[in-house]
Amino acid sequence: MFVLFALTFIAYAVGLLFVCVCLAQGLYFIAELVEEHTMIAKRILKYAITTVIVLHVLLFFFEELPTMELAVSFLAHIVYSWLLVRFPVVDLFSPQFILSTMMAVGSHCLWFKHFLFTWYSYTEMMAIFLVCVWLVPFCFFVSLSANEATLPYQSPTGTTPARGKHVQLFLLLMRPLERFFPWMQSQRHAWESDEAQKYAN
């Protein structure tokens, strides 16, 4: 009995490890696509925000969902659209980004509290969270890696701001995994060397 329990635990651990590796590789691939096609990514984000806003209106009129949660989530996506003005450049200390982060956290907490005390099926809850709460913030999170891929611009005073001004969240969050997956570190070094040669020329 103990051997079977240990084998089950190992199987779950290996499965979780495979999921983490696939997720990390998928995020890395999506981030590279965003860096290479920033205008297409901006268009997709615009359509995604518009679609989710329309879904909120439909949910308000045709489903019995709480008005407060729908209103906060609706306003959150209006705030997300402000980030598209300077996309793919996202200033992590700008009022738009800070307000977007606060709205995303607030919307998630409100929906979590609602589903905690009101019964819905698992598929209904995941549909709300995945589409109406997490979809657009996740897309913006992945696209933050495009900050480092944008060309430096000339300021009105004639000086060029440092490229390190915008933090590359994606690579920073992936760095802890490099201790366990050396191939991720080699890919990051290759990417950084290519970027350095690009801007040197």
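1. Before anything else, a term: a pocket here is an open set of grid points, places where a 1.4 Å probe fits, with protein on both sides within 12 Å along at least five of seven lines, and a lining residue has an atom within 4 Å of one of those points. Keep that in mind for the second largest pocket, which is lined by 13 residues. Ile-30, Val-34, Ala-41, Ile-44 and Cys-139 are the ones that lie nearest its centre.

2. Now the overall picture. What you have in front of you is a predicted model. The protein chain contains seven helices and zero strands, so if you read along the sequence you get α-α-α-α-α-α-α. Of the 201 residues in the chain, 34% are buried.

3. Back to that pocket. The space in the second largest pocket comes to about 220 Å³. Where does its lining come from? Helices α1 (2–36), α2 and α5 each supply at least two of the lining residues. As for chemistry, the lining divides into 11 nonpolar residues, two polar ones and no charged ones.

4. Next, have a look at the surface. There is a nonpolar patch of about 1,000 Å². Its members are Val-54, Leu-55, Val-57, Leu-58, Phe-60, Phe-61, Phe-62, Leu-130, Val-131, Trp-134 and Leu-135. Which helices each supply at least two residues of the patch? They are α2 (38–62) and α5 (122–143). The largest share, seven residues, comes from α2.

5. Two members of the patch are worth picking out. Leu-58 is found in α2, and Trp-134 has its place in α5. Is Leu-58 buried, partly exposed or exposed? Its relative accessible area is 41%, so Leu-58 counts as partly exposed. Trp-134 is also partly exposed because its relative accessible area, 34%, falls between the 20% and 50% cut-offs. If you want a neighbour from elsewhere in the sequence, try Ala-104: Trp-134 and Ala-104 are 30 residues apart in sequence, with 8.1 Å between their C-alpha atoms.

6. Then there is helix α4, which covers residues 95–117 and includes Thr-101. Thr-101 has 38% relative accessibility, so it is partly exposed. How far apart in space are the C-alpha atoms of Thr-101 and Tyr-80? They are separated by 9.1 Å, with the two positions 21 residues apart along the chain.

7. Lys-113 lies in helix α4 too. Why does Lys-113 count as exposed? Exposed means over 50% relative accessible area, and Lys-113 is exposed because it has 54%. To place Lys-113 in the fold, look at Glu-69: these two are 44 residues apart along the chain, and their C-alpha atoms are separated by 9.7 Å.

8. If you only have a minute, start with α2 and α5. Both supply residues to the nonpolar patch, and both supply residues to the lining of the second largest pocket.

Methods. Residues are numbered from 1 along each chain as its sequence is written. This is a predicted model: local features need pLDDT of at least 70, side-chain atom pairs count only at pLDDT 80 or more; totals for chains, interfaces and linings use all residues. Side-chain values use heavy atoms; hydrogens and water are left out. Patches are made of residues with over 30% relative accessible area and no salt bridge: like charges are joined within 9 Å, nonpolar side chains (Val, Leu, Ile, Met, Phe, Trp, Tyr) within 5 Å. Accessible areas come from the Shrake-Rupley method with a 1.4 Å probe; for residues, only the protein chains shown count as cover. A salt bridge is a side-chain nitrogen of Lys or Arg within 4 Å of a carboxyl oxygen of Asp or Glu. Helices (H or I, at least four residues) and strands (E, at least two) are DSSP runs, numbered from the N terminus. Buried means under 20% relative accessible area, exposed over 50%, partly exposed in between (1.4 Å probe, protein chains only). On a 1 Å grid over the protein atoms alone, a cavity is a set of points where a 1.4 Å probe fits but cannot get out, and a pocket is an open set with protein on both sides within 12 Å along at least five of seven lines; lining residues have an atom within 4 Å of a point. Grid points are joined across faces, edges and corners, and a volume is the space filled by probe spheres set on the points. Ala, Val, Leu, Ile, Met, Phe, Trp, Tyr, Cys and Pro count as nonpolar, Asp, Glu, Lys and Arg as charged, and the others, Gly among them, as polar.
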